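Visitor: Please take one part of this structure and look at it closely, giving the cut-offs behind each term as you go.

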Amino acid sequence: MSVHANPTSPHFKDNAHKALGDPQLQQAMGKLRIGFTAARAASAARLPEFEALRDSARDIKNHTLANLDLYLEAYEKKVVEAGGHVHYARDAAEARKIILDICKEKGAKTVAKGKSMISEEIALNEALDAAGVRPIETDLGEYIIQLRGEIPSHIIGPAVHLTKDQIEAEFRKAHTHLDKDRNLEEPTSLLAEARGVLREKFLSADIGLTGANFLIAETGSSVIVTNEGNGDLSQTLAKTHIVIASLEKIVPTLEDASQLLRVLARSATGQELSVYTTFSTGPRRDGDPDGPQDYHVVLLDNGRTSMIGTEFQEMLRCIRCGACMNHCPVYHAVGGHAYGWVYPGPMGAVLTPSLIGVEKGGLLPNASTFCGRCEAVCPMRIPLPKMMRHWREREFERHLTPSVQRAGLGAWAFFARRPALYRLATRIGMGALGFMGRNKGRFSKLPFASGWTQMRDFPAPEGETFQAQWKRERGGR
Amino acid sequence: MSARDEIFASLRRSLHVSGAEGPRRAAAESRLRENPRGVVPQRGNLPRAERIALFKRMAESAFASVSIVENARAVPAEAARWLRDNNLPATLRRGADERLADMPWRETAVAVSEGASDGHDLNGVSHAFGAVAESGTLVMTSGADNPTTLNFLPDNHIVVLSADDLAGDYESIFDWLRARYGKGMMPRALNWITGPSRSADIAQTMLLGAHGPRKLHIVIVDEGTGLL
Ligand code: SF4
């Protein structure tokens, strides 16, 4: 059974154990912790208003969530005025059914998909496959993990856990129609091959399905942000465009969207803006030579409306930039798959128990050193460590069995006791706390550079030491 | 109860509201009506010449190339030069935009065809609605004048931008869009483009030319102050 239906989150410790002993994963993760973090720091430092924009972004989402019913109504009205359709889905099964019904009505055989975490959340690909409709992931990272039958290991870089050689092997296995002696030494040749293979699929797909980074109430627009252009090809070339989004993606106005866009790419990849930011409003109009003939939006709740008014409401401000995992020592050490379900890293540790239940996801909030870096870099100023603590309190309240409880604390202790990780976490934590107490926008004074240079020398965990500790851990249980 | 009704009911239960409260409605309606600006970075708030220079710098840092010409009649020669310098065939596909149609393409060796792209055009040329200096971003609107497919399918994309349409920030573009399409209205597709297509999904190495254009060349028509 797949991870979608059967999360491995309850086995976080085992997953982490395996991840630490996986040399290819460790090689891939080593790259990530240097690249993303340096890029974000540099990009934030270039913009004097960055900290003020984070405040503004937080306030916009707080205002929107407090009035979400009203903005949803306004959004729906504008979509319908533009000739689009809005569907509501209480849960994953309902969302899948709505999409399958549209596919059936259109007689669709293939769906070209832009990257969508909500599509992962509702396990759409399996449902499409089962109904005889072929889902084609077109984001390069998503395409690679689809070939491997995996889920994303990172919300913006689904295949960050893989090395170039692993991807080459996958392409040779899948693209059997190509010359088997072809040279795929250079990463560019892999990119060119994927571009060629997917281009034909874009042109022949019946339905284009994308997620949405934002939905704008003022205009009824859905917004996607990509670097590849795959989302745009998916939604422009097919006859039908389906947008699948969770309902907290709403923002009131275009101006509100641009506030969030200004912090999104900078926090994610350190770009000033991603290459393509596209606002789509309804289907093709009179005189339009291209664009979809039908435009559908599927709005998913899946437990989110019940998070409002609880201590987890602030999680709904998340714009899925990935900064929290890019800066998380635990994520760096074990990668995304160890978290066992769709959302990894600190944001996943908070969101997963909300979406799949504390029984299955309850261990994840322990996968933290409480160093505070995630909160320090979250553009939406989401208090992630505080919410992880809330989950741990809830575990007590729910009177989970003592053994599960102990396993939970054990997972935390495991990270806290790894001396290298712990030292690193404390060092970073102190830097982060110091930063939070300082004047806004003084990135030049951050100990980023030294922190991350030292990180380069941080040795990958050694199997033997780990084993020894692991034994001690188990013995102590 | 329909899914819609149940979701709204759950939402209002969590928010402890009925949805009918006057002050809430007034606050939301006023935000939608007034579309207040948030924090607008000062970076792009520059006199014309410096704004153009900033745009050029930002677009180049996103791996686009940028040329400035003195008038629209000089665009075809610049496009031909760029195609030649990049060893590309002298072909271009464009939409119905009159500003492009009026340019003296016949004075060059470039064969220009018209219409949306079916995926078999190597090179496309479009006219931008506007651009934003803050991030070096082009703003494209859908329609027969500049079909959306030309922004994504051709391998190489040339975009013509009038310097008069270069804004400092995104918020100015929103005002211009409202002036053109009406408050609350949008073109079917509004594409912001910042550099050529790219991906970092293979071993976290940034490579240009993922699914969209591999190369993006911007020709700014500056009939203004003679700054070059
Ligand atoms: S929690 Fe914050 S940092 Fe993490 S993905 Fe969401 S917005 Fe980004």
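Guide: What follows starts with an aromatic pair between two chains and then turns to chain B and one of its helices.

This is a predicted model, in which local features need pLDDT of at least 70 and side-chain atom pairs count only at pLDDT 80 or more, while totals for chains, interfaces and linings use all residues. Residues are numbered from 1 along each chain as its sequence is written, chains are lettered from A and ligands numbered from 1 in the order in which they are written, and side-chain values use heavy atoms, with hydrogens and water left out.

Over all chains the structure holds 10 aromatic pairs, where rings of Phe, Tyr and Trp (its six-membered ring) pair if their centres lie within 6.5 Å, and planes under 30 degrees apart count as stacked, over 60 as edge-to-face and the rest as tilted. One of these pairs joins F279(A) and W192(B), whose ring centres are 5.0 Å apart and whose planes stand at 55°, so the pair is tilted. The pair crosses between chains, with F279(A) in strand β9 (residues 276-280) of chain A and W192(B) in strand β9 (residues 189-193) of chain B; helices (H or I, at least four residues) and strands (E, at least two) are DSSP runs, numbered from the N terminus.

F279(A) is buried at a relative accessible area of 0%, and W192(B) is buried at 1%, where buried means under 20% relative accessible area, exposed over 50% and partly exposed in between (1.4 Å probe, protein chains only). Together with Y170(B) and F174(B), F279(A) and W192(B) form one aromatic cluster.

Chain B, which contributes W192(B) to this pair, has 7 helices and 12 strands, and the C-alpha trace of chain B spans about 70 × 40 × 40 Å along its principal axes. Of the 228 residues in chain B, 58% are buried. Among the contacts in chain B with a separation of 6 or more, 71% come from residues 24 or more positions apart, contact meaning heavy atoms within 4.5 Å.

Within chain B, helix α4 (residues 75-85) has V75(B), P76(B), E78(B), A79(B), A80(B), W82(B) and L83(B) as buried residues. The buried residues of α4(B) pack against strands of chain B, namely β1 (65-69), β2 (91-94), β4 (123-127), β7 (156-162) and β12 (215-221). Just after α4(B), N87(B) takes a positive phi of about 55°.
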